[in-house]
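Hi everyone, thanks for coming. Let me put the structure up on the screen, and then we'll walk through it together.

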Amino acid sequence: MSVALWIIATLLVAGVLTYKRASLVAFSAGLVAMFAVGSIAGIVGPVLWVILAVILVPLNITSIRQSLLTKPILTAFRKVMPEMSDTERDALEAGTVWWEGEVFGGDPDWSKLHNIPKAELSAEEKAFLDGPCEEVCKMLDDWQVTHELTDMPEHVWQYLKDNKFFAMIIKKEYGGLEFSAYAQSRVLQKLAGVSTVLASTVGVPNSLGPGELLQHYGTKEQQDHYLPRLAKGDEIPCFGLTSPEAGSDAGAIPDSGVICKGEWNGEEIVGIKLNFNKRYITLAPVATVIGLAFKMYDPDGLLGDKKELGITCALIPRDTDGVEIGRRHFPLNVPFQNGPIRGTDVFVPLDYIIGGAKNAGKGWRMLVECLSVGRCITLPSNSAGGIKQMALATGAYSRIRRQFKLPIGKMEGVEEPMARIGGNAYLMDSVTTLATAGIDLGEKPSVISAIAKYHMTEKLRACMDDAMDIHGGKGICLGPNNYLGRGYQGVPVAITVEGANILTRSMMIYGQGAIRCHPYVLEEMNASAESGPEALNKFDKALFGHIGFAASNFVRSLFYGFGGHRLSSVPASDSSKQYYQQMNRFSANLALLSDVAMGMYGGNLKRKERISARLGDMLSYLFIGSAVLKRFHDQGRLKEDLPLMHWAMQDTLYKLQEAQIELLRNMGGVGTAMRAVMFPFGRIAHRPSDKADHKVARILMEPNDVRTRLGEGQFLSPEGHFGFLEETLVNMIKCEPLHAKICKAAGERFSFTQLDALAERGLELGVINEEEAELMKRTEEGRLRTINVDDFDPADLLAGQAAFDYALKNLTDKKQGEAA
C-alpha cells in the first residue's frame, strides 16, 4: 500500500465515521485501526503513533478532557452567554419540538414524517362541517356585514352560540364540542372562504382566550363556572394582552396589578388593584368576560418576600367597577368586533387569577404555550381557506372572462399568477394539515406556529395581489357581488396581529428555533447556568456531542455539495425522490450554518436580525417542503396531483436556496468559503418553469378531481357567490361545443358573448335544440353577472353622520313639499 493510498483510505474512514455521527470512542477506534493497517504496511512509525496518542488519549479520558478542554471552554462560554430575561427563558422553554427539530438536525428521518397519522375528521366533525358550518355560510351576507351593519346580524350571532361555534376547544364534560385541531382548522377554512369577519369571530375564542387557559390552568371552581357558560355562548370571551406601549414586545406590558387590601362585597380582603390600557382586543366590544394579562407587584409582601411577581393572567367580568369597554376599532373595512379595554384602580379578588393565587407570575409561560397552539390554527387556517376559495374562484373567472376571443386564463401572462395561486393553495393547506396533526398528537409547537403564521399570511397577501390583478375591475369595485375586495383589504390585519410578521420572521422563528431545535445548544446553556461537578459533566457531554454534530454536518454538506445528496436514502422512488434528496442537502446546510453563525456572532446573533431571518427562512421552507411531501404521500401519490406537488416543491426549494445564498453573501469571507463547500457547481434549485405554471393554471380552469381535492371543504353552495361561479363555469364549458357548432353552421367566427342571441341563431340554423338554447341563455346570464360590477346611487355610499344628515334632509324636504 502506498502512502497516498493509506492517507486517502484514512480520510475516507474518518469522513464516513463523521458523516455517520459515530461516538468519540468509535471514531478513535477507527483511527487506531487505520494506523494499525499503516504500521503493517510500513507507513506508520512510532512518531505518528505518539502524535495520535497525544490527541486521542486526553480526549477519551474524561477527567483529563474536562480539565484541559471542557472547564476552560465552560468558563469562556459563561462570559459570552447573553443575559436572558425571564420572559425570554419562558418563551424558549415553552412548547415542544417536533418535526422542525428533525429537519434542523441535518439528517431528517423521512419515515418518521410518513408515520405521522394522516389527519382525518371524525363523523361528528364532518357532520358539523356539512351541517351548521354550511348553514351559517348560507346565512351570512358579507356586504351587509361589512358595509351596512359593520357587524354580523343578531340572528347569525345567535346561531353561532346555539351551535357551539365558540366551544370547539371546550371539552364535552363542560358542554363543548371538543373538536380536534384539524377539525377546527377545516371549520375556519370554510368560514374564511365566505367572510373574514365570520372566521375571525369564531377563531379567537377557540385560540388564545380564557377557554384555552382555563382548561389547562384554571381552578376547578373557575372551570365549573365559566366553561359551561362559554360553551353555551352565555359568556363571550376576549383576551387583553396588547398595550399601546407593548405590541410585539408583549413582555414589556405596562399594565399593572398591585397586591393590596380592599373592600369586596362589604368585606376587607387581600386582592389586586388593576390599572390597564389595552388595544386591538378582538371581541372586546361584545365580550362579557375579559382575560387580562398584567405585571403583578406585591410591595407590602402580602403574599411573600418577592416584590415583582411577573406577568399574571386573570379573568375579569365585564361589569366589574372601573372597567371601560365597548368602544370599537375599525380594522380596514373588515369590521369584526375589536376594540380597547381600559381600567383604573379596578379592585378584584385574588381568586380571579387563572389558576388562583399560586399562578401569580406564571402568566407569560401560560400565554406562550397556549399561543403556540392557537397561532398554529387560526390565522394559518384563515389564510389557507381564503386562498383555496380564491383558487377556485379565480380559475372559474379566468375561464368565464374573455378578451381577444379567448378565456383570459389561457393567456400566458395570466397563467403565471394563476399558477402561484393554485400552487400555494396546495402548499398552504398542506402546512395547516401537518401543523394541526402535530397539535392533535399532543405537541405544542411554538416554532412551527411562528412558521405557519408568518408564511401563510405572507403567501395569502401575495396571492390576493395576484387574484386582484387577474380580476381587474371586478376586484376593485366593491359591492354585494365582489367576493374579493374585503379579503384584499383585510390581508394586512392578519400580517399585523398575533405577532407582527416582521418580528416573527426576524426574531421569533429562528430565535426560538435555533435553541429549541438544536440538539445541544439548550443543554449547553442549561449546564452553564448550573454550578458544581454535575454542571461540568453535563456541559462536557453536550459540548463534545455538539462538536461531533458540527463536524458531521460539515462532511455532509461537502459530500452533498459535490452531488452526494443524490445517493442519500429517501422513502420514494417516483418523481418526488429528487425533492427528498435536495431537502437532505439543505437540512445539512442549515445545521452547519447555524453552528457557523453562532460561532461568528455568539450572543449577538439575536441582534443580527437579518442573518437570523434568513436562517429562519431556511428552517421554514424545510418544514413547508416536508408538509407538501407529506400531503402528497398521504393522498396516495396520485399522478394527477403531480403538477401541484411539483410546483409547490420547486417554488419552496428555490426560495430556500435563495435564502441560503443571501445568508452566505452577507457573512463575509466565511460565507464565501461556505458557499464553495455548499454550492461548488452553482445553484441546484430553480423556480417553476412556464410549463409547470401552464399545468397548474389549466387545473384551475375546469372541473376535475384535482381541482375538487384542492378546494375540499370550502363553501360552494349555489346560494353563494362561489357556488354560482362553479355552476357558470360548468355551463360555459358545456356551451363551448354549441358555440363551435353554430359558428360552423353559419360559416362565421362569432365572439363568445351574447350567448342568448347566438342561441336564437342556432335554433334558426337547426343545429341546437330548445334545451341547449335554454342552457346558452342561462349561461349568458351567469356570464354577465360574473363579469359585471355593482354600481350605486351616491346616497347609498354615505355612512355614519353623513348618511343620517342626508336622510334627515330628505325627510325635511318631503315634509316641506307636502305642506306646500
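Look just past the end of helix H23: glycine 602 sits there with a positive phi of about 55 degrees. Keep in mind that what you see is a predicted model.

Now step back into H23 itself, which covers residues 577–601. What length should we expect for its 25 residues? At 1.5 Å a residue, the expected span is 36 Å, and the end C-alpha atoms are indeed 36 Å apart, so the two agree. H23 is also mostly covered, with 21 of its 25 residues buried.

Next, please find helix H17, residues 446–471. We can do the length check here too: its 26 residues should span 38 Å, and the end C-alpha atoms are 37 Å apart, which agrees. Is H17 enclosed or open? Since 21 of its 26 residues are buried, H17 is largely enclosed by the rest of the structure. And what follows H17? It is glycine 472, whose phi is positive, near 60 degrees.

Stay with H17 a moment longer, and we'll turn to salt bridges. How many does the structure hold? There are 31. One of them joins lysine 459 and aspartate 651, with the closest N and O atoms 4.0 Å apart. This pair links distant parts of the chain: lysine 459 belongs to helix H17, aspartate 651 to helix H25 (residues 642–665), and they are 192 residues apart. Are these two buried or exposed? Buried means under 20% relative accessible area. Lysine 459 has 8%, so it is buried, and aspartate 651, at 8%, counts as buried as well.

Let's look at another pair, glutamate 726 and arginine 707, whose side chains meet in a salt bridge at 2.7 Å, N to O. Glutamate 726 lies in helix H29 (residues 721–746) and arginine 707 in helix H28 (residues 705–710), so this bridge ties together parts that are 19 residues apart in sequence. Both glutamate 726 and arginine 707 are buried.

Here is a pair with some access to the outside. The side chains of glutamate 530 and lysine 538 form a salt bridge, 3.3 Å from N to O. Glutamate 530 has a relative accessible area of 31%, which makes it partly exposed, and lysine 538 is partly exposed too, at 38%.

Salt bridges can also join up into a network, as they do for Arg186, Lys388, Asp429 and Arg631.

Finally, let's go to the surface. Which residues form the nonpolar patch there? They are Val57, Ile61, Ile64, Leu68, Leu69 and Ile73, and together they have about 460 Å² of accessible area. Helix H4, residues 62–80, gives the most to this patch, with four residues. Isoleucine 61 is in the loop between helix H3 (46–60) and H4, and its relative accessible area of 37% makes it partly exposed.

There is a negative patch on the surface as well, made by Asp141, Glu148, Asp793 and Asp796. Where does aspartate 793 lie? You'll find it in the loop between helix H31 (770–787) and helix H32 (800–819). With 43% relative accessibility, aspartate 793 counts as partly exposed.

That's my tour. Thanks for listening!

How values were computed. Residues numbered from 1 in each chain as written. Predicted model: local features only at pLDDT ≥ 70, side-chain atom pairs only at ≥ 80, totals over all residues. Heavy atoms only, no water. Patch = residues over 30% accessible without salt bridge, like charges linked within 9 Å, V, L, I, M, F, W, Y side chains within 5 Å. Areas by Shrake-Rupley, 256 points an atom, 1.4 Å probe, with all protein chains shown as cover. Lys, Arg positive; Asp, Glu negative; His and termini not counted. Charge placed at Lys NZ, Arg CZ, Asp CG, Glu CD. Helix = DSSP H or I, 4+ residues; strand = E, 2+ residues; numbered from the N terminus. Buried < 20%, exposed > 50% of the residue type's maximum accessible area, 1.4 Å probe, protein only. Expected span 1.5 Å × (residues − 1).
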